[in-house]
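New to this one? Take a moment with the sequence and the fold first, then use the notes below as a guide to what is worth finding.

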Amino acid sequence: MRAAIQPFSLHCSTSNKFMASNSSSLLWFRKGIRIHDNPALEYAAKSANFLYPVFVIDPHYMKPDPSAFSPGSSRAGLNRIQFLLESLVDLDMNLKKLGSRLLVLHGEPGEVLIRCLEEWNVKKLCFEYDTDPYYQALDSRVQNHASAAGVEVFSPVSHTLFNPADIIQKNGGRPPLSYQSFLKLAGEPSWARAPLSTTVSSLPPVGDTGRSQILDVPTIKDLGYEDMEKVEWTPFRGGETEALKRLEESLSNKDWVAKFEKPKGDPSAFLKPATTVLSPYLKFGCLSSRYFYQRVQDIYKNVKGHTTPPVSLVGQLLWREFFYTAAFGTPNFDRMKDNKICKQIPWKDDNELLAAWRDARTGFPWIDAIMVQLRRWGWMHHLARHCVACFLTRGDLFVHWEKGRDVFERLLIDSDWAINNGNWMWLSCSSFFYQYNRIYSPVTFGKKYDPNGDYIRHFLPVLKDMPKQYIYEPWTAPLSIQKKAKCIIGKDYPEPVVSHDIATKDCRRKMAEAYELNKRLNGMISEDDLENLKRSLDEEQSQKVQTKRKRQTLIDWIQAP
């Protein structure tokens with residue numbers, strides 16, 4: 001497990017100078033953008049005369065990047081940035097109801113926090129513990145400075161149900177790498193035995209901010225995005241208020257909660273998604289995962305029967321915990337190289353195929369419609385994600401999972417470092433799941449949910465008049481049908497970038513060879529080993545193509561008059 005800061009609390013007696021009558025607390029918001037079930041907020045307000053609720057606009061995530069493939073910063077698409085800003089506006093509104101307000105500052109967070117601690121004479125610094133590598137490094141720096149300056153630091157685990165470090169310790173210092181082994185180790189969360197604190201009646205006032213430049217929550221234009229074109233915004237609005245409203249709507253149907261089964265659900269449902277769509281609210285901490293867990297468990301206690309993990313609603317929260325734990329305990333979790341749990345596979349480095357997939361130009365309407373929904377909404381059903389991830393990697397294009405991960409990381413409003421990386425390794429059969437022969441068809445999978453192709457017609461209006469028998473395979477439509485539908489394949493909509501049947505066979509062959517090499521070398525594969533395998537696979541493919549051409553030439557010669 002990588003070296004990491006741990007959830008930290010330095011408690012002091014009431015006679016200590018930290019608890020003096022002029023004590024001030026700084027609450028640093030990053031995730032955990034909520035009032036309910038916020039232990040850092042609760043502790044920051046305790047015994048404090050003044051409370052400084054702070055959010056720092058981090059250029060690392062927020063600064064516009066005109067060179068990126070979609071509007072946004074170098075790290076995040078505009079949908080996610082907008083979702084975050086809406087969440088901050090909502091947080092500010094809720095803080096004001098409690099006699100406080102959100103103090104927005106701009107700059108490198110570590111520098112800003114250290115300056116605020118000194119200028120505002122802060123005696124207590126509170127922030128939610130974060131396992132992401134970026135925050136691990138940042139938090140360690142801030143925490144070390146605060147502790148050296150005599151500032152009390154409180155950093156509780158509240159973004160997850162469990163502390164990943166505890167699970168890893170129970171497993172002998174290694175993260176469990178299967179869901180079932182994780183469940184056995186995790187058991188019931190220790191905090192779940194008592195009700196959570198979900199309401200706050202009032203907060204201490206904000207103290208004097210001195211020379212600090214305090215901003216209101218900025219708009220997209222304030223951040224410098226006014227010149228960036230955005231065709232459609234995500235229909236999902238950010239914030240704790242919206243999160244709790246969506247939670248109540250999801251849990252109002254107790255029968256649906258009890259019978260929830262993740263494999264079942266329509267990935268083509270877009271007018272009313274077939275899931276809770278609570279993932280972006282969990283990602284930003286607008287909704288407490290612990291509160292969600294407790295509310296679902298309360299329903300389970302009052303129904304005759306319910307589904308169980310891994311398919312149940314609670315099971316989905318536990319999948320999130322599983323990936324958080326695996327990520328926290330695995331060095332280089334976000335890449336193939338030097339990642340001990342990741343199969344070493346000679347993926348293709350094909351930027352043209354990657355761009356076709358990313359920009360919805362593969363020629364497979366089901367795949368392209370999903371990618372359009374991703375770009376416009378920043379969200380799509382989990383089975384839709386599975387389809388496009390499989391298609392890019394082991395199913396058809398054999399492009400590196402890290403490339404697809406980067407696209408998802410940028411465009412998803414619920415993009416989460418641990419879950420995104422974990423799912424891409426899973427779906428590319430690089431880790432966790434190894435049945436690479438099981439492939440999502442880019443034609444038949446969507447058709448079984450939406451035979452009329454309404455999902456495709458909505459997100460790919462160029463195909464809206466294509467008859468349903470051709471909507472998933474428009475290249476098979478006669479030219480007369482294409483003309484009538486005002487969509488000529490190869491002109492108005494692209495031809496398929498690959499033949500699915502041929503590409504799938506080729507991908508399976510490459511995966512089999514890669515798995516055999518990983519087994520033979522016990523995962524200790526060098527870059528030279530991978531390059532040699534790649535060269536061998538390419539030569540084999542080239543020979544097959546030449547043989548096929550020769551055979552066709554011979555057939556043409558025989559059939560010639």
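Here is a quick tour of the core, one helix, the cysteines, the empty spaces and a few unusual backbone spots. Keep in mind that this is a predicted model. Its largest nonpolar core takes in 144 residues, and its largest pocket holds about 1400 Å³ of space.

**The nonpolar core**

- In soluble globular proteins, nonpolar side chains tend to be buried together.
- Within the 144-residue core, the members that touch the most other members are Leu102, Leu287, Phe292 and Trp357.
- Helix H12, running over residues 313–328, supplies the largest share of this core, with 10 residues.
- Pick out Leu102 and look beyond its neighbours within four places in sequence: its contacts are Phe29, Pro53, Val54, Phe55, Leu88, Leu91, Asp92, Leu95 and Val217.
- Another core, of 21 residues, lies apart from the largest one, and Val54, Val112, Trp120 and Leu138 are among its members.

**Helix H21**

- H21 covers residues 500–520, and at 1.5 Å a residue its 21 residues should span 30 Å; the C-alpha atoms at its ends are 30 Å apart, so the model agrees with that expectation.
- Plenty to look for here: the buried residues of H21 are His500, Ala503, Thr504, Asp506, Cys507, Arg509, Lys510, Met511, Ala514, Tyr515, Leu517 and Asn518.
- Just past the end of H21, Asn522 has a positive phi of about 55°.

**Cysteines**

- A disulfide is a covalent bond between the sulfur atoms of two cysteines.
- How many disulfides does the structure hold? The count is 0.
- Cys286 is in no disulfide, and its nearest cysteine sulfur belongs to Cys126, 20 Å away.
- Cys286 has 0% relative accessibility, so it counts as buried.
- Cys390 is in no disulfide either, with the sulfur of Cys429 as its nearest cysteine sulfur at 7.6 Å.
- Cys390 counts as buried because its relative accessibility is 0%.

**Pocket and cavities**

- Rolling a probe the size of a water molecule over the atoms shows where empty space is left.
- The largest pocket, at about 1400 Å³, has a lining of 44 residues.
- Which of those lining residues lie nearest the centre of the pocket? They are Lys262, Gln316, His382, His386 and Asn423.
- Four elements give two or more residues to that lining: helix H10 (279–283), H12, helix H15 (382–395) and H17.
- There are also 2 cavities of 30 Å³ or more, and the largest cavity has a volume of about 50 Å³.
- Around the largest cavity you'll find Tyr129, Asp130, Thr131, Val157, Ser158, His159, Thr160, Pro164 and Tyr324 as its lining.

**Backbone spots to check**

- Pro309 and Pro310 are joined by a cis peptide bond, with omega at about 15°.
- Pro310 sits in the loop between helix H11 (289–300) and H12.
- Asp338 isn't a glycine, yet its phi is positive, at about 60°; look for Asp338 in the loop between H12 and helix H13 (351–358).
- Phe432 isn't a glycine either, and has a positive phi of about 70°.
- Where is Phe432 found? Its place is in the loop between helix H17 (417–427) and helix H18 (444–449).
- Is Phe432 buried or exposed? Its relative accessible area is 12%, so Phe432 is buried.

Notes. Residues are numbered from 1 along each chain as its sequence is written. This is a predicted model: local features need pLDDT of at least 70, side-chain atom pairs count only at pLDDT 80 or more; totals for chains, interfaces and linings use all residues. Side-chain values use heavy atoms; hydrogens and water are left out. A nonpolar core is a set of buried Ala, Val, Leu, Ile, Met, Phe, Trp, Tyr and Cys residues joined through side-chain atoms within 4.5 Å. Buried means under 20% relative accessible area, exposed over 50%, partly exposed in between (1.4 Å probe, protein chains only). Contact means heavy atoms within 4.5 Å. The expected span of a helix is 1.5 Å times one less than its number of residues. A disulfide is a pair of cysteine sulfur atoms within 2.5 Å. On a 1 Å grid over the protein atoms alone, a cavity is a set of points where a 1.4 Å probe fits but cannot get out, and a pocket is an open set with protein on both sides within 12 Å along at least five of seven lines; lining residues have an atom within 4 Å of a point. Grid points are joined across faces, edges and corners, and a volume is the space filled by probe spheres set on the points.
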